[in-house]
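This report walks through a protein model part by part. Keep the structure open while reading.

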Amino acid sequence: MRVTEPHGGLILLSPLSGWSTPLEEIPDPVFAGRMLGDGLALDPTGDTLHAPCDGEIIALPESKHAVTLRTDGGAEILMHIGIDTVGLGGAGFAAHVQSGRRVAAGERLITFDLDLIARRARSLLTPILVMEGCGFAVLRSSDNREIAVGDVLMEIAASAAEAGGQSRRETGPGDAPHEVAADEVRRVRVALEHGIHARPAAQIVNALKAVSGEVSIAVQGRSANARSTVGLMKLGVRKGDEVEVRATGSDARSAIEAVAALLGAAHGEGGSARPAQRGSAARPQATTESQEARAGAALPGVIASRGLAVGQAVRLAVHEIEVTATGAGVAHETSRLDQARADVRARLEAARAAASNTTREIVEAHLELLADPELSESALALIVAGASAEHSWRQAIRGSAEALRALGDPRMAERVDDLLDLERQVLLSLSGNAGAAAQELPADAIVIAEELLPSQFVALDAGRLAGIALAAGGATSHVSILAAAMGIPALVALGPAVRRIAEGTPLLLDAEAGLLHVDPGAERLDATRRLLERGAARRAAQREAAQQDCYTADGVRIEVFANIGSLAEAQAAVRNGAEGCGLLRTEFLFLERETAPSEAEQHAEYQQLAAALGDRPLTIRTLDIGGDKPIPYLPMPAEENPALGLRGVRTSLWRPELLRQQLRAILGVRPYGQCRILLPMITEVAEIRSVRAMVEEARAGMGRHEPIEVGVMIETPASALLAESIAAEADFFSIGTNDLTQYTLAMDRGHPELAARLDALHPAVLRLIARTAEGAQTRGRMVAVCGGLASDPVAAPILIGLGVHELSAVPSAIPRLKALIRRLTMADCTGVARQALGQSSAGAVRALAVQRVESETV
Ligand code: PEP
Ligand code: MG
């Protein structure tokens with residue numbers, strides 16, 4: 001904002017005592033990026049917020065964590081106590097005024113519990129802002145010094161646009177009612193966890209900068225200009241409210257899509273460590289072909305992989321592969337196609353061997369497609385009809401892709417990418433270009449493309465790739481999953497405007513808010529860069545500290561282990577500070593092969609993993625195979641409901657020869673004592689006794705004198721409820737929250753429609769965990785959690801409070817988990833666990849848990 005009158009501005013007095021800090025220091029991109037407005041932050045030492053000048057209170061949410069005051073001249077001042085404090089739901093805040101009241105400079109507005117907020121909020125930093133769009137700008141401010149209530153904090157004045165022309169104050173953009181005669185109207189149910197508070201309001205205003213026309217949001221007879229942050233906040237919209245979005249002009253549809261995407265998806269809400277719900281985000285089409293991706297525009301997209309990135313636009317050069325239609329004889333073309341498919345298979349198999357779990361699953365899906373008999377039969381039919389290998393393969397793939405698209409199911413349509421990827425890989429092999437070098441990237445590249453195929457993604461230089469911005473694509477595509485696994489922020493479904501971004505344009509990809517900022521200005525880019533650097537420095541410090549054993553703030557030892565499934569993951573676990581492996585899923589050795597791995601092969605694998613872990617414990621889970629994961633060398637009877645059929649230890653006891661071999665392979669690992677055995681899907685003590693007898697028999701047969709610990713997975717409600725009797729037979733417990741949740745809630749863990757409700761923080765699951773811990777305690781058994789819940793920092797205080805001693809998480813989650821646990825006391829943990837057990841839904845537990853956990857945005 002430019003200011004016309006450098007004198008005669010309005011003085012704002014400090015509303016708080018504390019240390020004044022630049023906005024860039026705030027750990028939140030919306031505030032740090034000045035999306036809500038300009039000003040500074042106060043790191044408070046006092047607990048009472050005072051009026052910085054005379055004015056009227058125009059917004060004071062029920063949560064009382066923020067207040068907006070309008071001066072007589074029309075400036076709107078937002079004071080927001082702490083960051084992410086809306087989630088406290090008013091706890092710790094007491095308001096001395098109400099909305100609509102006139103106040104005098106220095107008057108008490110809100111008193112807050114500094115201590116409580118310091119413990120529960122992400123940060124205490126309190127932004128004092130002149131709201132964006134109110135027509136006022138900051139002339140000068142007192143940064144980086146100690147400040148007392150009533151000291152001069154900043155001077156503000158009307159900015160050029162407002163001083164010269166008609167002030168928006170006169171029309172009151174934030175004042176209801178504001179309803180537009182609409183070209184498009186849509187009703188949207190608000191999914192934002194805390195409704196439309198300051199941050200989402202700013203994101204909506206920001207998203208609308210990319211489109212023209214008037215936009216309003218109405219709820220319960222009240223309406224506001226959707227371009228006014230204050231107006232939106234004043235609506236007091238809560239989660240679950242149904243609002244009406246109206247828009248005018250040629251961009252009306254795009255504007256509505258953008259607003260609906262922000263309101264309808266629970267994204268942009270910090271605090272929860274849950275990943276974005278795949279496939280649940282709406283698909284905004286906020287920009288049309290005719291619109292330029294101009295400097296300052298913010299293009300809304302769907303979040304495919306969370307995070308922030310600053311970099312330059314790099315267009316991915318994708319060359320359509322030309323093919324000749326006519327073949328040179330059936331035998332020749334058939335053999336060329338067979339050879340090309342065999343080459344691709346060999347390459348994929350090599351990639352699978354070196355891959356992490358996520359990549360491996362995707363590579364396996366590609367291998368399956370490659371072997372698909374329908375594809376090869378249709379290609380062969382075309383070759384027989386005289387076509388070339390290239391043309392036949394392309395036609396066969398495209399026919400299947402069309403059929404998938406025609407199903408009208410977005411998830412199926414996303415699998416089309418995988419087919420097209422295979423088309424490309426086979427055609428490259430046929431043309432002899434399969435090994436051609438991938439496009440070189442400059443540093444901090446934000447790759448822009450219409451769509452990206454998984455093989456194109458993995459070929460990119462990850463060290464130079466800062467982010468991904470796709471015009472099309474879906475949040476559940478394999479590229480999105482790969483990007484999330486690699487921690488590369490990605491937005492998809494950005495629409496056609498993204499095609500118009502010139503090569504080299506500076507970009508800010510905000511995959512927390514779902515916006516791609518095109519050339520947002522050096523100041524904003526620098527602020528985000530600093531934020532990312534601080535985040536990286538914090539993570540590096542956490543990784544370093546993670547090498548130490550983990551204790552709570554009051555000295556209780558909590559072991560933080562890793563789940564692993566390959567050598568690469570064992571190495572990552574050690575790098576990230578894992579104190580051992582709490583779950584080795586041995587299925588990786590048994591799947592996708594014609595014969596069972598020999599005892600020697602298994603032993604070599606386990607020994608290699610044990611060596612990679614150094615002297616850390618290695619918990620090896622016996623084969624957890626079932627009807628849903630068939631293995632050819634273990635034919636199973638057909639099962640109507642495989643999740644409730646022969647699974648885990650049941651399969652092992654049904655065909656014990658495989659288990660005997662596996663037990664011997666484990667018992668042979670040196671040094672003795674490093675490995676412990678974990679049994680999956682236990683429901684009663686008889687199963688443990690049977691396996692223990694086999695362990696003893698194998699031990700005797702091998703002449704091994706040293707005992708080995710045998711623990712059980714608690715992943716059925718039966719085993720949790722019988723924990724006390726099971727504790728008499730098992731050496732330790734490891735709770736598999738993935739299956740425990742599935743079986744407790746009677747919801748398939750792979751069901752896409754139920755995914756959002758399948759939350760292991762459901763109080764029923766927590767009660768079973770509590771029961772397990774009580775049962776374990778009767779015999780002094782150690783209780784671990786190795787299901788997905790152990791990797792969720794939000795859950796850590798609750799789990800520890802319920803009596804869990806060990807968390808076994810994905811390696812990358814360990815540094816942050818340890819940093820968090822070191823700040824907790826057992827009193828904190830037992831307190832929140834007790835409260836959690838009393839809640840009636842997973843949502844209520846999660847809201848409670850989020851308040852307890854300091855989270856970081858980057
Ligand atoms: C679980 O069920 O929580 C678990 C860790 O086992 P898996 O995910 O391998 O079934
Ligand atoms: Mg399980």
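Strand S11 has two sets of side chains. Thr-126, Ile-128 and Val-130 point one way. Pro-127, Leu-129 and Met-131 point the other way. All of them are buried. In a regular strand the side chains alternate between the two faces of the sheet. S11 covers residues 126–131, and 6 of its 6 residues are buried, so the strand is largely enclosed by the rest of the structure. This is a predicted model.

Which strands pair with S11? Strand S3 (residues 37–44) pairs with S11 in the antiparallel sense, over 6 bridges. Here Ala-41 has Pro-127 in S11 as its bridge partner. Strand S7 (residues 76–80) also runs antiparallel to S11, and 3 bridges join them. In this pairing Ile-77 is matched with Val-130 of S11. Strands of a sheet pair through backbone hydrogen bonds, either parallel or antiparallel.

**An open sheet**

Another sheet has 3 strands. It is open, its order is S4-S10-S8, and the pairing is antiparallel. Strand S4 (48–50) and strand S8 (93–95) stand at the edges. Each has a single partner strand, so one side of each is left without a neighbour in the sheet. From one strand to the next, the twist averages 20 degrees. S4 pairs with strand S10 (residues 108–112) over 3 bridges, in the antiparallel sense. Thr-48 has Thr-111 in S10 as its bridge partner.

**The nonpolar cores**

The largest nonpolar core has 91 residues. Which of them touch the most other members? They are Tyr-606, Leu-618, Phe-733, Ile-769, Ile-798 and Leu-807. Take Ile-769 as an example. Leaving out residues up to four places away in sequence, Ile-769 touches Ile-735, Thr-737, Leu-740, Leu-799, Leu-802 and Val-804. Apart from this core lies another, of 84 residues. Among its members are Ile-57, Val-205, Val-230 and Leu-263.

**The magnesium site**

Which residues supply the protein donors of the magnesium ion (ligand 2)? They are Glu-715 (OE) and Asp-739 (OD), lying 2.0 to 2.2 Å from the ion. Glu-715 lies in the loop between strand S31 (710–714) and helix H21 (717–721). Asp-739 lies in helix H23 (residues 737–745). The pair therefore ties together parts that are 24 residues apart in sequence. Are these two residues buried or exposed? Both Glu-715 and Asp-739 are buried.

Asp-739 also takes part in a network of salt bridges. The other residues linked there are Glu-587, Arg-621, Asp-624, Arg-647 and Arg-749.

**Salt bridges**

How many salt bridges does the structure hold? It holds 40. Side chains of opposite charge can pair when their charged atoms come close. The table gives some of these pairs.

| Acidic residue | Basic residue | N to O distance |
|---|---|---|
| Glu-107 | Arg-101 | 2.2 Å |
| Glu-601 | Arg-593 | 3.0 Å |
| Glu-729 | Arg-689 | 3.0 Å |

The pair of Glu-729 and Arg-689 links distant parts of the chain, 40 residues apart. Glu-729 sits in the loop between helix H22 (723–727) and strand S32 (732–735). Arg-689 sits in helix H20 (residues 685–702). With a relative accessibility of 48%, Arg-689 counts as partly exposed.

The other pairs in the table can be placed too. Glu-107 is partly exposed, at a relative accessible area of 25%. Arg-101 is partly exposed, at 28%. Glu-601 is partly exposed, with a value of 30%. Arg-593 has 22% relative accessibility and counts as partly exposed.

**Helix H16 and a loop glycine**

Which residues of helix H16 (residues 567–575) are buried? They are Glu-569, Ala-570, Ala-572, Ala-573 and Val-574. Gly-577 follows H16, and its phi is positive, near 90 degrees.

Val-574 and Gly-614 are 40 residues apart in sequence. In space, they are 8.6 Å apart, C-alpha to C-alpha. Gly-614 lies in the loop between helix H17 (599–612) and strand S29 (618–621). Its relative accessibility is 38%, so Gly-614 counts as partly exposed.

Methods: Residues numbered from 1 in each chain as written. Chains lettered and ligands numbered in written order. Predicted model: local features only at pLDDT ≥ 70, side-chain atom pairs only at ≥ 80, totals over all residues. Heavy atoms only, no water. Donors = N, O, S within 2.8 Å, 3.2 Å for Na, K, Ca; no water. Helix = DSSP H or I, 4+ residues; strand = E, 2+ residues; numbered from the N terminus. Buried < 20%, exposed > 50% of the residue type's maximum accessible area, 1.4 Å probe, protein only. Core = buried A, V, L, I, M, F, W, Y, C linked by side-chain atoms within 4.5 Å. Contact = heavy atoms within 4.5 Å. Salt bridge = Lys/Arg side-chain N within 4 Å of Asp/Glu carboxyl O. Pairing = 2+ DSSP bridges. Axes fitted to C-alpha atoms, helices over the stretch in contact; angles between N-to-C directions.
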